[in-house]
Amino acid sequence: MNPKLSSPLFTFTWYNLGVDATTLRRAIARTRLAPVAAFPKRLGRVARHDARVIRTSARWLFTSREHHNYTYELTKLSRQHLTWFVSVVCDTPVKQVRGYVEEIESDDTLRGHIERATAGAARRGLADKQVRYARRVGWYAIVRATRPSHVVETGVDKGLGSCVLAAALLRNAADGHPGRLTSLDINPEAGYLARTAPWSDVVDLVIGDSIAAITALDRPVDLFLHDSDHSRAHEKREFEAVEPKLAPGAMLLTDNVTHTDVLAAHAERTGRRFLAYRETPRDHWYPGDGIGVAW
Ligand SMILES: C[S@@+](CC[C@H](N)C(=O)[O-])C[C@H]1O[C@@H](n2cnc3c(N)ncnc32)[C@H](O)[C@@H]1O
(Lines give C-alpha, C1' and ligand atoms only; values in the text may rest on other atoms or scores of the structure.)
Protein backbone atom coordinates (compact mmCIF):
# COMPACT_ATOMS: atom_id res chain seq x y z
CA MET A 1 0.00 0.00 0.00
CA ASN A 2 1.17 3.57 -0.67
CA PRO A 3 2.55 4.78 2.68
CA LYS A 4 0.87 8.16 2.25
CA LEU A 5 -2.55 6.46 2.28
CA SER A 6 -1.79 4.83 5.63
CA SER A 7 -0.69 8.13 7.18
CA PRO A 8 -3.18 9.78 9.55
CA LEU A 9 -2.52 13.10 7.79
CA PHE A 10 -3.35 11.81 4.34
CA THR A 11 -1.56 13.75 1.56
CA PHE A 12 -3.02 13.69 -1.90
CA THR A 13 -0.61 12.68 -4.69
CA TRP A 14 -1.31 12.00 -8.36
CA TYR A 15 0.50 8.74 -7.72
CA ASN A 16 -2.47 7.73 -5.62
CA LEU A 17 -4.64 8.06 -8.68
CA GLY A 18 -2.24 5.95 -10.67
CA VAL A 19 -0.93 8.94 -12.70
CA ASP A 20 2.84 9.31 -12.71
CA ALA A 21 4.43 12.80 -12.85
CA THR A 22 5.82 12.45 -16.37
CA THR A 23 2.47 11.39 -17.82
CA LEU A 24 0.79 14.28 -16.00
CA ARG A 25 3.40 16.82 -17.24
CA ARG A 26 2.99 15.60 -20.81
CA ALA A 27 -0.79 15.81 -20.52
CA ILE A 28 -0.64 19.39 -19.15
CA ALA A 29 1.83 20.41 -21.88
CA ARG A 30 -0.93 19.72 -24.42
CA THR A 31 -3.47 21.96 -22.66
CA ARG A 32 -3.99 25.72 -22.46
CA LEU A 33 -2.66 25.51 -18.88
CA ALA A 34 0.87 24.73 -20.16
CA PRO A 35 2.31 28.31 -19.95
CA VAL A 36 0.96 28.74 -16.39
CA ALA A 37 2.29 25.36 -15.26
CA ALA A 38 5.72 26.08 -16.78
CA PHE A 39 5.97 29.58 -15.27
CA PRO A 40 7.57 28.66 -11.86
CA LYS A 41 10.27 26.60 -13.57
CA ARG A 42 10.99 29.37 -16.10
CA LEU A 43 11.10 31.98 -13.34
CA GLY A 44 13.55 29.87 -11.32
CA ARG A 45 15.86 29.41 -14.32
CA VAL A 46 16.04 33.09 -15.28
CA ALA A 47 16.31 34.20 -11.63
CA ARG A 48 19.29 31.89 -11.02
CA HIS A 49 20.95 33.18 -14.21
CA ASP A 50 20.32 36.87 -13.38
CA ALA A 51 21.46 36.41 -9.76
CA ARG A 52 24.77 35.03 -11.05
CA VAL A 53 25.20 38.04 -13.42
CA ILE A 54 24.35 40.49 -10.60
CA ARG A 55 26.82 38.78 -8.21
CA THR A 56 29.57 38.89 -10.87
CA SER A 57 28.76 42.51 -11.77
CA ALA A 58 28.76 43.66 -8.13
CA ARG A 59 32.10 41.95 -7.46
CA TRP A 60 33.56 43.55 -10.62
CA LEU A 61 32.32 47.04 -9.64
CA PHE A 62 34.34 46.89 -6.42
CA THR A 63 37.38 44.85 -7.51
CA SER A 64 38.11 46.19 -11.03
CA ARG A 65 39.08 49.71 -12.11
CA GLU A 66 38.53 49.27 -15.84
CA HIS A 67 35.98 51.49 -17.56
CA HIS A 68 36.40 50.21 -21.13
CA ASN A 69 38.42 47.65 -23.10
CA TYR A 70 37.81 45.17 -20.27
CA THR A 71 40.28 42.39 -19.56
CA TYR A 72 39.43 38.90 -18.30
CA GLU A 73 40.46 35.29 -18.59
CA LEU A 74 38.66 32.94 -20.96
CA THR A 75 36.83 29.86 -19.76
CA LYS A 76 38.79 26.64 -20.29
CA LEU A 77 36.39 25.58 -23.05
CA SER A 78 36.59 28.97 -24.79
CA ARG A 79 40.39 28.77 -24.76
CA GLN A 80 40.18 25.31 -26.27
CA HIS A 81 37.85 26.57 -29.02
CA LEU A 82 40.23 29.46 -29.70
CA THR A 83 43.14 27.02 -30.04
CA TRP A 84 41.21 24.97 -32.61
CA PHE A 85 40.07 28.16 -34.39
CA VAL A 86 43.69 29.27 -34.88
CA SER A 87 44.66 25.76 -35.90
CA VAL A 88 42.06 25.74 -38.71
CA VAL A 89 42.64 29.31 -39.87
CA CYS A 90 46.43 28.98 -39.93
CA ASP A 91 46.43 25.35 -41.12
CA THR A 92 48.71 24.48 -38.20
CA PRO A 93 48.52 21.34 -36.00
CA VAL A 94 46.45 22.04 -32.89
CA LYS A 95 49.25 20.74 -30.66
CA GLN A 96 51.57 23.41 -32.04
CA VAL A 97 48.96 26.14 -31.50
CA ARG A 98 48.42 24.90 -27.93
CA GLY A 99 52.17 25.30 -27.46
CA TYR A 100 51.95 28.95 -28.61
CA VAL A 101 49.07 29.66 -26.21
CA GLU A 102 51.05 28.14 -23.33
CA GLU A 103 54.12 30.12 -24.45
CA ILE A 104 52.44 33.53 -24.07
CA GLU A 105 50.68 32.59 -20.86
CA SER A 106 53.91 31.44 -19.24
CA ASP A 107 55.94 34.46 -20.46
CA ASP A 108 56.70 35.83 -16.99
CA THR A 109 59.03 38.54 -18.36
CA LEU A 110 56.19 40.09 -20.35
CA ARG A 111 53.69 39.62 -17.52
CA GLY A 112 56.09 41.25 -15.02
CA HIS A 113 56.70 44.18 -17.38
CA ILE A 114 52.96 44.79 -17.86
CA GLU A 115 52.37 44.63 -14.09
CA ARG A 116 55.16 47.12 -13.37
CA ALA A 117 54.28 49.48 -16.24
CA THR A 118 50.62 49.46 -15.20
CA ALA A 119 51.50 50.18 -11.57
CA GLY A 120 53.69 53.14 -12.63
CA ALA A 121 51.34 54.58 -15.28
CA ALA A 122 49.66 57.96 -14.86
CA ARG A 123 46.31 56.34 -15.67
CA ARG A 124 46.82 53.42 -13.23
CA GLY A 125 43.58 54.43 -11.50
CA LEU A 126 41.71 53.09 -14.52
CA ALA A 127 43.67 49.85 -14.98
CA ASP A 128 43.76 46.49 -13.19
CA LYS A 129 46.95 45.02 -11.73
CA GLN A 130 46.21 41.53 -13.00
CA VAL A 131 47.39 40.74 -16.53
CA ARG A 132 44.62 39.04 -18.51
CA TYR A 133 44.99 38.58 -22.28
CA ALA A 134 41.62 36.95 -23.21
CA ARG A 135 41.35 36.55 -27.05
CA ARG A 136 44.74 38.26 -27.52
CA VAL A 137 46.37 34.83 -26.95
CA GLY A 138 44.74 33.97 -30.30
CA TRP A 139 46.43 36.99 -31.93
CA TYR A 140 49.73 35.75 -30.45
CA ALA A 141 49.25 32.22 -31.77
CA ILE A 142 48.31 33.54 -35.25
CA VAL A 143 51.52 35.62 -35.43
CA ARG A 144 53.60 32.65 -34.22
CA ALA A 145 51.96 30.30 -36.74
CA THR A 146 52.06 32.62 -39.79
CA ARG A 147 55.38 34.46 -39.09
CA PRO A 148 54.40 37.78 -40.72
CA SER A 149 57.07 40.33 -41.64
CA HIS A 150 54.73 43.27 -41.06
CA VAL A 151 51.73 43.37 -38.70
CA VAL A 152 49.44 46.42 -38.45
CA GLU A 153 47.18 46.91 -35.44
CA THR A 154 44.69 49.81 -35.43
CA GLY A 155 43.64 50.85 -31.93
CA VAL A 156 46.24 50.49 -29.18
CA ASP A 157 44.71 51.80 -25.94
CA LYS A 158 47.20 50.92 -23.14
CA GLY A 159 49.17 48.70 -25.51
CA LEU A 160 48.24 45.27 -24.15
CA GLY A 161 47.59 43.83 -27.61
CA SER A 162 50.71 45.55 -28.98
CA CYS A 163 52.82 43.88 -26.28
CA VAL A 164 51.31 40.47 -27.03
CA LEU A 165 51.89 40.89 -30.78
CA ALA A 166 55.43 42.22 -30.17
CA ALA A 167 56.21 39.24 -27.91
CA ALA A 168 55.18 36.89 -30.75
CA LEU A 169 57.33 38.81 -33.23
CA LEU A 170 60.34 38.64 -30.87
CA ARG A 171 59.93 34.83 -30.57
CA ASN A 172 59.63 34.59 -34.37
CA ALA A 173 62.83 36.64 -34.71
CA ALA A 174 64.62 34.27 -32.32
CA ASP A 175 63.49 31.43 -34.64
CA GLY A 176 64.96 33.29 -37.65
CA HIS A 177 61.76 35.03 -38.86
CA PRO A 178 61.97 38.74 -37.94
CA GLY A 179 58.95 41.01 -38.22
CA ARG A 180 57.68 44.43 -37.12
CA LEU A 181 54.43 45.78 -35.74
CA THR A 182 52.92 49.12 -36.74
CA SER A 183 50.44 50.16 -34.04
CA LEU A 184 48.09 53.06 -34.85
CA ASP A 185 46.08 55.14 -32.40
CA ILE A 186 44.50 58.56 -32.49
CA ASN A 187 45.19 59.15 -28.77
CA PRO A 188 48.71 60.51 -28.05
CA GLU A 189 48.63 58.82 -24.61
CA ALA A 190 48.01 55.37 -26.12
CA GLY A 191 50.53 52.55 -26.01
CA TYR A 192 52.36 53.20 -22.74
CA LEU A 193 52.82 49.44 -22.18
CA ALA A 194 54.56 49.04 -25.54
CA ARG A 195 57.18 51.77 -25.05
CA THR A 196 59.67 49.52 -23.18
CA ALA A 197 62.42 47.33 -24.69
CA PRO A 198 62.61 44.63 -25.92
CA TRP A 199 58.96 44.88 -27.06
CA SER A 200 59.37 48.48 -28.27
CA ASP A 201 62.31 47.31 -30.46
CA VAL A 202 59.81 45.77 -32.90
CA VAL A 203 56.95 48.29 -32.53
CA ASP A 204 56.40 51.47 -34.56
CA LEU A 205 53.78 53.45 -32.68
CA VAL A 206 52.03 55.93 -34.97
CA ILE A 207 49.71 58.56 -33.47
CA GLY A 208 46.96 59.79 -35.77
CA ASP A 209 43.74 58.74 -37.44
CA SER A 210 44.01 55.14 -38.63
CA ILE A 211 42.72 55.79 -42.18
CA ALA A 212 45.39 58.44 -42.86
CA ALA A 213 48.06 56.25 -41.22
CA ILE A 214 47.07 53.16 -43.26
CA THR A 215 47.12 55.22 -46.46
CA ALA A 216 50.65 56.38 -45.60
CA LEU A 217 52.02 52.84 -44.98
CA ASP A 218 55.10 52.26 -47.13
CA ARG A 219 55.64 48.51 -46.54
CA PRO A 220 53.39 45.58 -47.52
CA VAL A 221 51.15 44.31 -44.72
CA ASP A 222 51.04 40.56 -43.98
CA LEU A 223 48.65 40.67 -41.04
CA PHE A 224 46.13 43.45 -40.37
CA LEU A 225 44.07 43.78 -37.18
CA HIS A 226 41.17 46.23 -36.86
CA ASP A 227 40.64 47.24 -33.20
CA SER A 228 40.12 51.03 -33.32
CA ASP A 229 36.86 52.94 -33.84
CA HIS A 230 34.35 50.10 -33.87
CA SER A 231 31.68 51.92 -35.87
CA ARG A 232 30.65 49.94 -38.95
CA ALA A 233 31.65 52.83 -41.27
CA HIS A 234 35.15 53.19 -39.82
CA GLU A 235 35.81 49.45 -39.79
CA LYS A 236 34.77 49.27 -43.47
CA ARG A 237 36.97 52.24 -44.36
CA GLU A 238 39.98 50.61 -42.70
CA PHE A 239 39.63 47.36 -44.67
CA GLU A 240 39.17 49.31 -47.91
CA ALA A 241 42.20 51.50 -47.13
CA VAL A 242 44.48 48.57 -46.31
CA GLU A 243 43.49 46.41 -49.31
CA PRO A 244 46.04 47.97 -51.77
CA LYS A 245 48.72 47.73 -49.06
CA LEU A 246 48.40 43.97 -48.49
CA ALA A 247 51.13 41.46 -49.31
CA PRO A 248 50.03 38.38 -51.31
CA GLY A 249 48.24 35.92 -49.00
CA ALA A 250 47.80 38.51 -46.23
CA MET A 251 45.42 37.79 -43.37
CA LEU A 252 42.82 40.28 -42.07
CA LEU A 253 41.54 40.22 -38.49
CA THR A 254 38.79 42.18 -36.78
CA ASP A 255 38.05 42.61 -33.10
CA ASN A 256 34.55 43.76 -34.02
CA VAL A 257 33.18 40.49 -35.35
CA THR A 258 30.49 40.06 -32.69
CA HIS A 259 29.01 43.44 -33.69
CA THR A 260 29.26 43.75 -37.48
CA ASP A 261 29.53 41.66 -40.63
CA VAL A 262 31.98 44.13 -42.20
CA LEU A 263 34.89 41.70 -42.48
CA ALA A 264 32.64 38.85 -43.65
CA ALA A 265 31.29 41.09 -46.43
CA HIS A 266 34.82 42.27 -47.29
CA ALA A 267 35.98 38.64 -47.49
CA GLU A 268 33.14 37.78 -49.85
CA ARG A 269 33.86 40.80 -52.06
CA THR A 270 37.57 40.01 -52.25
CA GLY A 271 37.27 36.22 -52.69
CA ARG A 272 38.63 35.24 -49.26
CA ARG A 273 37.49 32.69 -46.71
CA PHE A 274 36.02 33.96 -43.45
CA LEU A 275 35.60 32.50 -39.97
CA ALA A 276 34.57 33.95 -36.61
CA TYR A 277 35.37 32.96 -33.03
CA ARG A 278 33.31 34.27 -30.11
CA GLU A 279 35.10 34.30 -26.74
CA THR A 280 33.50 33.46 -23.39
CA PRO A 281 34.95 35.45 -20.46
CA ARG A 282 35.42 33.67 -17.13
CA ASP A 283 33.93 35.37 -14.04
CA HIS A 284 33.03 38.60 -15.86
CA TRP A 285 29.71 40.26 -16.64
CA TYR A 286 30.89 41.37 -20.11
CA PRO A 287 29.67 38.93 -22.79
CA GLY A 288 33.03 39.04 -24.57
CA ASP A 289 34.26 39.92 -28.05
CA GLY A 290 35.79 37.69 -30.67
CA ILE A 291 38.16 37.31 -33.57
CA GLY A 292 37.02 37.51 -37.19
CA VAL A 293 39.50 36.29 -39.79
CA ALA A 294 39.51 36.70 -43.56
CA TRP A 295 42.19 34.84 -45.48
C1 LIG B 1 39.50 48.90 -28.06
S2 LIG B 1 40.81 50.04 -27.94
C3 LIG B 1 42.17 49.14 -28.59
C4 LIG B 1 42.53 47.95 -27.77
C5 LIG B 1 43.88 47.33 -28.02
N6 LIG B 1 44.02 46.85 -29.37
C7 LIG B 1 44.13 46.21 -27.03
O8 LIG B 1 44.55 45.14 -27.43
O9 LIG B 1 43.92 46.42 -25.82
C10 LIG B 1 40.38 51.19 -29.18
C11 LIG B 1 41.42 52.26 -29.44
O12 LIG B 1 41.14 52.83 -30.72
C13 LIG B 1 41.52 54.17 -30.72
N14 LIG B 1 40.85 54.87 -31.84
C15 LIG B 1 39.56 55.27 -31.91
N16 LIG B 1 39.32 55.88 -33.09
C17 LIG B 1 40.47 55.83 -33.79
C18 LIG B 1 40.85 56.28 -35.08
N19 LIG B 1 40.00 56.91 -35.91
N20 LIG B 1 42.12 56.04 -35.48
C21 LIG B 1 43.02 55.42 -34.68
N22 LIG B 1 42.69 54.98 -33.43
C23 LIG B 1 41.45 55.17 -33.01
C24 LIG B 1 41.14 54.65 -29.33
O25 LIG B 1 41.92 55.80 -28.99
C26 LIG B 1 41.42 53.41 -28.47
O27 LIG B 1 42.68 53.51 -27.85
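Biologist: Let's start with Pro 198: in which loop is Pro 198 found?
Modeller: Happy to, and bear in mind that this is a predicted model. Pro 198 is joined to Ala 197 by a cis peptide bond with an omega of about 5 degrees, while most peptide bonds are trans. The place where Pro 198 is found is the loop between β3 and β4.

Biologist: And what is the phi of Ala 134, which is not a glycine?
Modeller: Ala 134 sits in the loop between α6 (108-120) and α7 (136-146). Most residues other than glycine have a negative phi. For Ala 134, phi is positive, at about 50 degrees.

Biologist: How far apart are the end C-alpha atoms of helix α3?
Modeller: Helix α3 covers residues 34-63, which makes 30 residues. At 1.5 Å a residue the expected span is 44 Å, and the model agrees because the end C-alpha atoms are apart by 44 Å.

Biologist: At which residue does α3 bend?
Modeller: This is the same α3 that spans residues 34-63. The bend in α3 is about 35 degrees, and its place is Pro 40.

Biologist: Which strands stand at the edges of the sheet?
Modeller: Seven strands form an open sheet with mixed pairing, in the order β4-β3-β2-β5-β6-β9-β7. An edge strand has a single partner, so one side of it is left without a neighbour in the sheet. That description fits β4 (203-207) and β7 (274-278).

Biologist: Which residue in β4 does Thr 182 stand opposite?
Modeller: β3 (residues 180-185) pairs with β4 in the parallel sense, over five bridges. Opposite Thr 182 in β4 stands Asp 204.

Biologist: At what angle does helix α10 run to β5?
Modeller: α10 comprises residues 232-242 and lies across β2 (150-154), β5 (221-226) and β6. Another helix, α4 (residues 76-89), packs on the sheet and touches β6, β7 and β9, its direction making about 165 degrees with that of β7. For α10 and β5, the angle is about 175 degrees.

Biologist: Which residue has a side-chain N or O atom 2.7 Å from a nitrogen atom of the ligand?
Modeller: The ligand is surrounded by 18 residues, and the closest are Asn 69, Gly 155, Asp 185, Asp 209 and Asp 227. Asp 185 puts a polar side-chain atom 2.7 Å from an oxygen atom of the ligand, and a backbone N or O atom of Asp 157 lies 3.1 Å from a ligand oxygen atom. The side chain 2.7 Å from a ligand nitrogen atom belongs to Asp 227.

Note on methods: Residues numbered from 1 in each chain as written. Predicted model: local features only at pLDDT ≥ 70, side-chain atom pairs only at ≥ 80, totals over all residues. Heavy atoms only, no water. Helix = DSSP H or I, 4+ residues; strand = E, 2+ residues; numbered from the N terminus. Expected span 1.5 Å × (residues − 1). Bend = angle between axes of the 7 residues up to and from the residue. Pairing = 2+ DSSP bridges. Contact = heavy atoms within 4.5 Å. Axes fitted to C-alpha atoms, helices over the stretch in contact; angles between N-to-C directions. Near = heavy atom within 4 Å. Polar contact = N/O pair within 3.5 Å; in protein donor to acceptor, adjacent residues only side chain to side chain.
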